Structures are given as C-alpha cells and as structure tokens.
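Reader: I'd like a close look at one part of this model, the packing of its interior, with the cut-offs spelled out as you go. Then take me out to the surface for contrast.

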Amino acid sequence: MSAKIVLIVLLTGVTQLVSSLLAFVVAKPIAEKYDLVLEFGGESFQSVLWYGTLAVIMAALIGLALGVLLRNSAGGITILAGVFFVLPIITAILGNLVDWSKNISAYLPDQLGLSLATPLSVATDLELWQQLAGVAGWIIIPLALGAVLLAKRDIK
C-alpha cells in the first residue's frame with residue numbers, strides 16, 4: 001500500500017502543479033488585459049499552487065483509502081463523490097436549520113481544501129494550523145484504517 005501512496009502523491013502532485021502553472025500562463029495575459037494583477041510570486045497564486053496541490057492529493061488519498069477499506073473501486077469512488085459533493089449540500093441545508101452544522105462543514109475535506117487554496121474566496125474561522133491538521137486527519141485516519149484492514153484480511 002505504501003507504494004500506491006507514493007505513486008498517487010507523486011502523480012497527483014505533479015499533475016496538479018503542472019495544471020496550475022499552465023493555468024497561470026494562460027490567465028496572466030487575460031488578467032493584464034483587464035488591468036488585474038496576477039503575479040507568480042504573489043501570495044494568492046502561491047496559496048493556490050501549493051495548498052491546491054495538497055487538496056488534490058488529499059482527495060486522491062481519501063479515494064485510495066476508501067477503495068482499500070471497501071475492496072471495491074466503484075464503491076470507493078461513489079463514497080468519495082458523496083463526501084465531496086453530497087455531504088456539503090446536506091450540511092448547508094442543515095446549516096439553515098441548526099447552528100452546529102455550520103461548525104461541522106468547516107471540517108469537511110472540500111471546505112478545508114478550498115479555504116486553504118483560496119482563502120480570499122472561501123472564508124473560514126479556522127487558523128492555518130487547524131486547517132492543515134484537518135487535512136492531515138482526512139489523509140492519515142482513512143489510510144491507517146485501510147492499512148490495518150489490508151494487513152488483517154488481505155495479507156496472509
């Protein structure tokens with residue numbers, strides 16, 4: 001499983017970094033045409049570049065962990081889509097009914113990734129270290145559970 005983790009981190013990380021750099025190259029002339037400032041070394045772009053890459057790696061590793069836990073790739077993808085797309089909608093609806101739901105939504109993986117990568121667009125009350133701890137939890141806990149189950153039921 002560790003080889004899969006390394007491969008996923010490298011492939012998704014490189015793919016996301018290259019994609020972000022290409023997006024910067026394409027967006028820079030467009031931004032200049034409208035007198036918008038877009039700097040490679042700017043804090044905003046660096047945040048999108050590095051924390052966005054971390055968010056994509058997190059999603060990929062959660063998907064790996066779900067696939068290992070369920071022993072089913074399709075089931076893992078389905079639950080991953082539910083966690084990233086359906087669960088935020090449910091917490092948003094609940095947020096209108098109960099206050100505690102708003103606190104939970106800040107710790108969902110999609111919100112953690114978005115608030116890290118685009119802090120000006122996605123407001124959060126969490127500090128940077130809390131967001132990074134949340135991302136680490138979403139990565140480490142499912143992978144650890146998957147590794148334990150893999151060792152107990154699949155490796156003999």
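Author: Here's a walk from the inside of the model to its outside.

This is a predicted model, so local features need pLDDT of at least 70 and side-chain atom pairs count only at pLDDT 80 or more, while totals for chains, interfaces and linings use all residues. Residues are numbered from 1 along each chain as its sequence is written, and side-chain values use heavy atoms, with hydrogens and water left out.

Let's start with the core. The largest nonpolar core (a set of buried Ala, Val, Leu, Ile, Met, Phe, Trp, Tyr and Cys residues joined through side-chain atoms within 4.5 Å) has 19 residues. Met-58, Leu-61, Ile-62, Phe-84, Val-135, Ile-139 and Leu-143 have the most contacts inside this core. At least two core residues come from each of helix H2 (43–70), helix H3 (73–97), helix H5 (109–117) and helix H6 (128–154). H2 gives the largest share of the core, 9 residues. Helices here are DSSP runs (H or I, at least four residues), numbered from the N terminus. As for the general background, nonpolar side chains tend to be buried together in soluble globular proteins.

Leu-61 is a handy place to zoom in. Neighbours within four places in sequence aside, Leu-61 is in contact (heavy atoms within 4.5 Å) with Ile-5, Ile-8, Val-9, Ile-139 and Leu-143.

Now look at H5. Because 7 of its 9 residues are buried (under 20% relative accessible area, against over 50% for exposed and in between for partly exposed, with a 1.4 Å probe and protein chains only), H5 is largely enclosed by the rest of the structure. The buried ones are Pro-109, Asp-110, Leu-112, Gly-113, Ser-115, Leu-116 and Ala-117, and they pack against H2, H3 and H6.

Helix H1 (residues 2–33) holds Thr-12, which counts as buried because its relative accessibility is 19%. A polar atom of the Thr-12 side chain lies 2.5 Å from the backbone oxygen of Ile-8. Not counting residues up to four places away in sequence, Thr-12 touches Val-56, Ile-57 and Ala-60. Ser-20 is in H1 too, and is buried at a relative accessible area of 9%. Beyond its neighbours within four places, Ser-20 is in contact with Phe-45 and Leu-49.

H1 also carries a salt bridge (a side-chain nitrogen of Lys or Arg within 4 Å of a carboxyl oxygen of Asp or Glu), and the count by that rule is 1. Its partners are Lys-28 and Glu-32, with the closest N and O atoms 3.5 Å apart. Because they are 4 residues apart in helix H1, about one helical turn separates them. Both ends are partly exposed: Lys-28 at 26% relative accessibility, Glu-32 at 45%.

Finally, the outside. Phe-85, Val-86, Leu-87, Ile-89, Ile-90, Ile-93, Leu-94, Leu-97, Trp-100 and Ile-104 make a nonpolar surface patch of about 980 Å². Patch residues have over 30% relative accessible area and no salt bridge, with nonpolar side chains (Val, Leu, Ile, Met, Phe, Trp, Tyr) joined within 5 Å and like charges within 9 Å. The areas come from the Shrake-Rupley method with a 1.4 Å probe, and for residues only the protein chains shown count as cover. H3 and helix H4 (100–105) each supply at least two patch residues, and H3 has the largest share, 8 residues. One patch member, Leu-97, lies in H3 and counts as exposed because its relative accessibility is 66%.

Terms used. Polar contact = N/O pair within 3.5 Å; in protein donor to acceptor, adjacent residues only side chain to side chain.
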